[in-house]
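Trainee: Could we go through this model together? I should like to begin with one helix and then look elsewhere.

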Amino acid sequence: MSTTQSERLRELLEPLVSSQGLDLEEIAVDSVGRKRVLRVVVDSDTGADLDQIADVSRALSAKLDETNVMGETAYDLEVGTPGAERELTEHRHYVRAVDRLVRFQLAEGGDLVARILTVDDEGVDLEVPGVKGRKATARRLAFGDIAKARVQVEFNRKDKKDMKEEEEA
């Protein structure tokens, strides 16, 4: 997708997404066979439920129908959320990932898998899981030390309620 088209789409769609209480995270236009697909990724601090996705999808579809920003060629509109293993690229993404396990690629080289405890303007405070029965350790990473960060899927993840119950037992 050309930068100009991307910018026009963002200018057109972002106010509609914001009016629904969501953030516009990503826009992509892909060719799939003879068709084009406009993928719009939205999110919020509390997540986006199916009703919100449906509402924003209808609003975007109506707005796109009344403009010519996508041209005359047919396209499909797909609206969704970032998914479980989202890449963290904005400050708000790190805030939304508090208490989640994240794989960090460090700017100096190497990887680190740790749980985000807190986020401020300069960086993140982490809990690095212990290995072979050792206790977890605390670590601070400045945003400048992070080359990439991606949330990890945890199948046996305990929520805060489960952790409190374990501590009280």
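Mentor: The conversation below takes up a helix, a loop residue and a domain record.

Mentor: This is a predicted model, in which local features need pLDDT of at least 70, side-chain atom pairs count only at pLDDT 80 or more, and totals for chains, interfaces and linings use all residues. Residues are numbered from 1 along each chain as its sequence is written, and side-chain values use heavy atoms, with hydrogens and water left out.

Trainee: How many residues does helix H2 have?

Mentor: Helix H2 (residues 50-66) has 17 residues. Helices here are DSSP runs of H or I with at least four residues, strands are runs of E with at least two, and both are numbered from the N terminus.

Trainee: Which residues of H2 are buried?

Mentor: Ile-53, Val-56, Ala-59, Leu-60 and Leu-64 are buried in H2. Buried means under 20% relative accessible area, exposed over 50%, and partly exposed in between, with a 1.4 Å probe and protein chains only.

Trainee: Which residues are exposed on the other side of H2?

Mentor: Leu-50, Asp-51, Arg-58, Asp-65 and Glu-66 are exposed there.

Trainee: New topic: where does Glu-108 lie?

Mentor: Glu-108 belongs to the loop between strand E4 (101-106) and strand E5 (111-119). Glu-108 is exposed, with a relative accessible area of 69%.

Trainee: What separates the C-alpha atoms of Glu-108 and Ile-146?

Mentor: A separation of 8.5 Å, although Glu-108 and Ile-146 are 38 residues apart along the chain.

Trainee: And what is the chain like over residues 12-85?

Mentor: That stretch is 34% helix and 34% strand, and its end C-alpha atoms are 28 Å apart.

Note on methods: Expected span 1.5 Å × (residues − 1).
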